[in-house]
Amino acid sequence: VELCTVDGLVKESTQCAPNGYYFIPVYDKGSFIVRVKGPKGWSWKPETVPVVIDQNGCNGNADINFQFTGFTVSGKIVGAVGGKSCSKDGGPSGVKVELLSDLDELVASALTSSTGGYAFVNIIPG
């Protein structure tokens, strides 16, 4: 978790405890932004929270909570399409890729990009 200036410069940062609790000591009054940064592919809501630190504390001493919303599952399709090879760096575009549950239920779908890439975002573990 990072405390940043309104311009986005990191002023302080800390790691979360296993239970998700974090604490950032702040000695200056003013307007800041708190943001959470997890490993690549992890999603959070909200991504940032504006805070005001004044004589009443930080946002009136209210907790600032972030909710984990899921993971990103991504990949790339490569190979031949219609008998034609895709370029070395590309893949087929417009191919529908589906993510299914273990019961064959549709969880998410995506179309491949011009380079064959696809991504499913905010996928809950399971």
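Residues 1-66 start and finish with C-alpha atoms 10 Å apart, and the span is 0% helix and 41% strand (helices, H or I of at least four residues, and strands, E of at least two, are DSSP runs numbered from the N terminus). The model is a predicted one, with pLDDT of at least 70 needed for local features and 80 or more for side-chain atom pairs, while totals for chains, interfaces and linings use all residues. Residues are numbered from 1 along each chain as its sequence is written, and side-chain values use heavy atoms, leaving out hydrogens and water.

In UniProt, an unreviewed entry lists residues 1-66 as "domain: NOMO-like N-terminal beta-sandwich"; annotations of this kind may be inferred rather than shown by experiment. The domain assignment, automatic or from a database, splits off domain 1 (2-65) and domain 2 (70-123). Their C-alpha centres sit 35 Å apart.

At the start of the chain, β1 (residues 2-5) runs antiparallel to β2 (residues 10-13), with three bridges between them (pairing takes at least two DSSP bridges). Cys 4 has Val 10 in β2 as its bridge partner. Four residues separate the strands of this hairpin, and Gly 8 has a positive phi near 95 degrees.

Now for the packing. The largest nonpolar core has 12 residues, including Val 1, Leu 3, Tyr 22, Phe 32 and Ile 64. Such a core is a set of buried Ala, Val, Leu, Ile, Met, Phe, Trp, Tyr and Cys residues joined through side-chain atoms within 4.5 Å, where buried means under 20% relative accessible area, exposed over 50% and partly exposed in between (1.4 Å probe, protein chains only). Strands β3 (30-35) and β5 (48-54) each supply at least two residues of this core, and β5 gives the most, with three. Leaving aside residues up to four places away in sequence, Ile 64 touches Tyr 22, Val 34, Val 49, Val 51, Cys 58 and Asn 59 (contact: heavy atoms within 4.5 Å).

The structure also holds six aromatic pairs, that is, Phe, Tyr or Trp rings (six-membered for Trp) with centres within 6.5 Å; planes under 30 degrees apart are stacked, over 60 edge-to-face and the rest tilted. Trp 42 and Trp 44 have ring centres 6.2 Å apart and planes at 35 degrees, so this pair is tilted. Trp 42 and Phe 71, at 5.3 Å and 90 degrees, are edge-to-face. That second pair links distant parts of the chain, β4 (residues 42-45) and β7 (residues 67-76), across 29 residues. Trp 42 is partly exposed at 38% relative accessibility, and Phe 71 is partly exposed at 27%. Ring pairs join Trp 42, Trp 44, Phe 68 and Phe 71 into a cluster.
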